[in-house]
Amino acid sequence: MVIMGCEEMVFSVEPQKVVPAPFLTKTYQLVDDPVTDHIVSWGEDETTFVVWRPPEFARDLLPNYFKHNNFSSFVRQLNTYGFKKIVADRWEFANEYFRKGAKHLLLEIHRRKNAQNHPHHHHHHQQEIIERLRRRNYMLLSELTHMKNLYNDIIFFIQNHVKPAVPCEYDEHGLTVHSYSEPRLRELIKSSSAAVTEEPNGTVKLFGVALSGKKRLHPGKVDEQELE
């Protein structure tokens, strides 16, 4: 109420009219247009709608109603208003208040509160992702460091404890006859004078196994320098 001079002026304000969300109104118009039924149309019982050709739908129709041509974005919007994809092999959506000839029911469709984009929530979600990636990266680095240390330990062990193998003696079938390490070979030679024998043809044998080399003058003695 505003009083001006001696006159009393009364302004009446009508209640604000409630209208459906623009997304719902535009989607209804898009589906209800018979000209584009080959691309998008009402379902068989007119309580659902089907996007028959998603590429043409996104390219040719979405820009006429919305400020984008992204089909995935359109589907996400449907989800925020409670629409559900009801058929696995085609893009058919349903909402109990979205049906042909019942445009007034759009007022009953509300956007899900938990689906609204809150900047703080979005930032918090990004921080969680970053933290998970940071922890994963730390674990990978720890595993890499462990593998490097293990590799170094193996190399150290091989260099200090494993000696090169000596050639083996093979029979005519390619099977191993004997394979002695050099220290063990020297020990066996020194421990028994009968270890080395000489055949009439001049072949020298060690424990019955022929050795390459020259004929020894004394069967019980072997020049150790020739074994090095």
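## Asparagine 64 and helix α2

At 58% relative accessibility, asparagine 64 counts as exposed, because the cut-off for that class is over 50% relative accessible area. This value, like the others in this report, is computed from a predicted model. Asparagine 64 belongs to helix α2, which covers residues 54-65, and in space the C-alpha of asparagine 64 is 9.0 Å from the C-alpha of leucine 30, although 34 residues separate the two in sequence.

## Helix α1 and threonine 27

Leucine 30 is one of the buried residues of α1, a group that also holds Phe23, Leu24, Thr25, Thr27, Tyr28 and Val31. The buried residues of this helix pack against two strands, β3 and β4, and against two helices, α2 and α3.

Threonine 27 lies in α1, which spans residues 22-32, and with a relative accessibility of 1% it counts as buried, because that class takes in values under 20%. Leaving aside residues up to four places away in sequence, the contacts of threonine 27 are with four phenylalanines, Phe49, Phe66, Phe74 and Phe98, and with Leu78.

## The antiparallel sheet

The sheet is open and is built from four strands in the order β3-β4-β6-β5, with antiparallel pairing. Its edges are formed by β3 (40-42) and β5 (84-85), each of which pairs on one side only. In general, strands of a sheet pair through backbone hydrogen bonds, in either a parallel or an antiparallel sense.

Going along the sheet from β3, three bridges join this strand to β4 in the antiparallel sense, and valine 40 has valine 51 of β4 as its bridge partner. Between β4 and β6 there are four bridges, again antiparallel, with threonine 48 partnered by alanine 94 in β6. Strand β6 (residues 91-94) is in turn joined to β5 by two bridges, the two strands running antiparallel, and here lysine 85 has phenylalanine 93 of β6 as its bridge partner.

## The two faces of β4 and helix α3

Along β4, Thr48 and Val50 point one way while Phe49 and Val51 point the other way, and all of these residues are buried. Phe49 is also among the residues that threonine 27 touches, and β4 is among the elements against which the buried residues of α1 pack.

Helix α3 (residues 71-80) lies across β4 (48-51) and β6, and the helix runs at about 25° to β6.

## The β3-β4 hairpin and glutamate 46

The hairpin of β3 and β4 has five residues between its strands, and glutamate 46 is placed in this loop. Glutamate 46 takes a positive phi of about 65° although it is not a glycine. With 37% relative accessibility, glutamate 46 counts as partly exposed, because this value falls between the limits of under 20% for buried and over 50% for exposed.

## A nonpolar patch on the surface

Seven residues, Met147, Leu150, Tyr151, Ile154, Ile155, Phe157 and Ile158, form a nonpolar patch on the surface, and together they have about 670 Å² of accessible area. Methionine 147 is placed in helix α4, which covers residues 119-161, and its relative accessible area of 49% makes it partly exposed, because the exposed class begins over 50%.

Key:
Residues are numbered from 1 along each chain as its sequence is written. This is a predicted model: local features need pLDDT of at least 70, side-chain atom pairs count only at pLDDT 80 or more; totals for chains, interfaces and linings use all residues. Side-chain values use heavy atoms; hydrogens and water are left out. Buried means under 20% relative accessible area, exposed over 50%, partly exposed in between (1.4 Å probe, protein chains only). Contact means heavy atoms within 4.5 Å. Two strands pair if DSSP finds at least two bridges between them. Axes are lines fitted to C-alpha atoms, for helices over the stretch in contact, and angles run from 0 to 180 degrees between N-to-C directions. Patches are made of residues with over 30% relative accessible area and no salt bridge: like charges are joined within 9 Å, nonpolar side chains (Val, Leu, Ile, Met, Phe, Trp, Tyr) within 5 Å. Accessible areas come from the Shrake-Rupley method with a 1.4 Å probe; for residues, only the protein chains shown count as cover. A salt bridge is a side-chain nitrogen of Lys or Arg within 4 Å of a carboxyl oxygen of Asp or Glu.
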